[in-house]
Structure formats: structure tokens, C-alpha cells
Amino acid sequence: MADADCIFCKILTGDIPADVVREDEHTVAFRDLEPQAPTHVLVIPRRHLPDVGSLALEAPEEVAPLFAAVRAVAEQEGIDGSGYRSVFNTGAGAQQSVFHAHVHVLGGRAMTWPPG
Ligand code: AMP
């Protein structure tokens with residue numbers, strides 16, 4: 001299930017350290033190394049699939065826990081009241097750089113729309 005070349009799988013196994021803020025049986029959440037907002041947490045499924053769409057097709061039972069974890073992280077980080085943005089980059093053209101499904105949870109500052 002894990003991909004030996006995947007940096008997020010290595011975080012899941014503990015081979016690469018991360019600032020983990022939450023974990024449950026389906027997901028792990030940790031702070032992004034290059035935060036784009038005062039709060040910038042990545043929520044990932046333990047199951048290795050390359051993007052969220054693939055997760056929905058191949059492991060749909062993992063999608064609801066992923067979204068529930070996003071909400072739990074927002075509450076834990078205290079950004080649920082002020083609002084937060086959830087981002088899924090899919091494909092290199094959308095700046096996806098790690099091909100293990102993940103949700104960026106961004107908050108703690110005003111968000112612009114449309115995004116750049
Ligand atoms: P994406 O560009 O959507 O694939 O997002 C991948 C994110 O992972 C980027 O925002 C990176 O800063 C972040 N990232 C890469 N390696 C690590 C790491 N070891 N720990 C925490 N965040 C990381």
C-alpha cells in the first residue's frame with residue numbers, strides 16, 4: 001500500500017520527521033514545510049493514491065474520513081470560525097508536487113478570490 005519513493009508515505013512510517021498535529025486510523029495531518037498562511041496543514045490519507053480523485057474512485061470509503069479530518073484540524077487550529085480554505089492540487093500543471101493525495105488546509109489570514 002505504501003510507495004517506497006513517496007515522501008508522504010515516509011512521513012506515515014516515521015522515516016521522515018514531520019510536525020504532526022492530528023492523526024486517526026485513516027488520516028495524518030502535519031504542518032506544511034513551506035507555509036502559505038499562518039495556519040497551513042496538510043491532511044493525507046494513510047492509503048497511498050496519487051490524488052484525491054483517485055482516492056474517490058479507488059477507495060471511496062477513505063474520502064469522508066479525510067474531509068472529517070480537515071474539519072477537525074480546522075477546529076483544533078481555531079480557524080473554523082474565521083474561515084479556512086481547502087485546496088487539492090491535481091497534476092503538475094496545477095502545481096501538485098507530491099503525488100500522494102492531500103488536502104491543504106489554509107487559514108489565519110484573509111483569503112483572496114479568485115486564487116492566483
Ligand atoms: P502540492 O504542491 O499540492 O503537491 O503540495 C505538496 C506540499 O507538501 C507543498 O506545499 C510542500 O511544501 C509540502 N511538503 C513537501 N515535503 C514536505 C515535508 N517533508 N513536510 C511537510 N510538508 C512538505
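**Pocket and cysteines, question by question**

About 910 Å³ of space lies in the largest pocket of this predicted model.

Student: What makes a residue count as lining this pocket, and which ones lie nearest its centre?

Tutor: A lining residue has an atom within 4 Å of a pocket point. The largest pocket has 32 of them, and nearest its centre lie Asp32, Glu34, Gln36, His40 and His104. Two or more lining residues come from each of helix 1 (7-13), strand 2 (27-31), strand 3 (39-45), strand 4 (84-87) and strand 5 (103-107).

Student: Which element gives the most to the lining?

Tutor: That is helix 1, with three residues.

Student: How is the lining divided by class?

Tutor: It has 16 nonpolar, ten polar and six charged residues.

Student: Let's turn to the cysteines. How do you know that Cys6 is not bonded to the closest cysteine?

Tutor: Happily, one distance settles it. The Cys6 sulfur lies 3.7 Å from that of Cys9, its closest cysteine sulfur. A disulfide needs the two sulfur atoms within 2.5 Å, so the pair is too far apart for a bond. Cys9 is likewise in no disulfide, and searching the whole structure gives zero disulfides.

Student: Why is Cys6 called buried or exposed?

Tutor: Set its value against the cut-off: buried means under 20% relative accessible area. Cys6 has 6%, so it is buried.

Student: And what makes Cys9 buried?

Tutor: The reasoning runs the same way. Its relative accessible area is 4%, and the limit is 20%, therefore Cys9 counts as buried.

Definitions and conventions:
Residues are numbered from 1 along each chain as its sequence is written. This is a predicted model: local features need pLDDT of at least 70, side-chain atom pairs count only at pLDDT 80 or more; totals for chains, interfaces and linings use all residues. Side-chain values use heavy atoms; hydrogens and water are left out. Buried means under 20% relative accessible area, exposed over 50%, partly exposed in between (1.4 Å probe, protein chains only). On a 1 Å grid over the protein atoms alone, a cavity is a set of points where a 1.4 Å probe fits but cannot get out, and a pocket is an open set with protein on both sides within 12 Å along at least five of seven lines; lining residues have an atom within 4 Å of a point. Grid points are joined across faces, edges and corners, and a volume is the space filled by probe spheres set on the points. Helices (H or I, at least four residues) and strands (E, at least two) are DSSP runs, numbered from the N terminus. Ala, Val, Leu, Ile, Met, Phe, Trp, Tyr, Cys and Pro count as nonpolar, Asp, Glu, Lys and Arg as charged, and the others, Gly among them, as polar.
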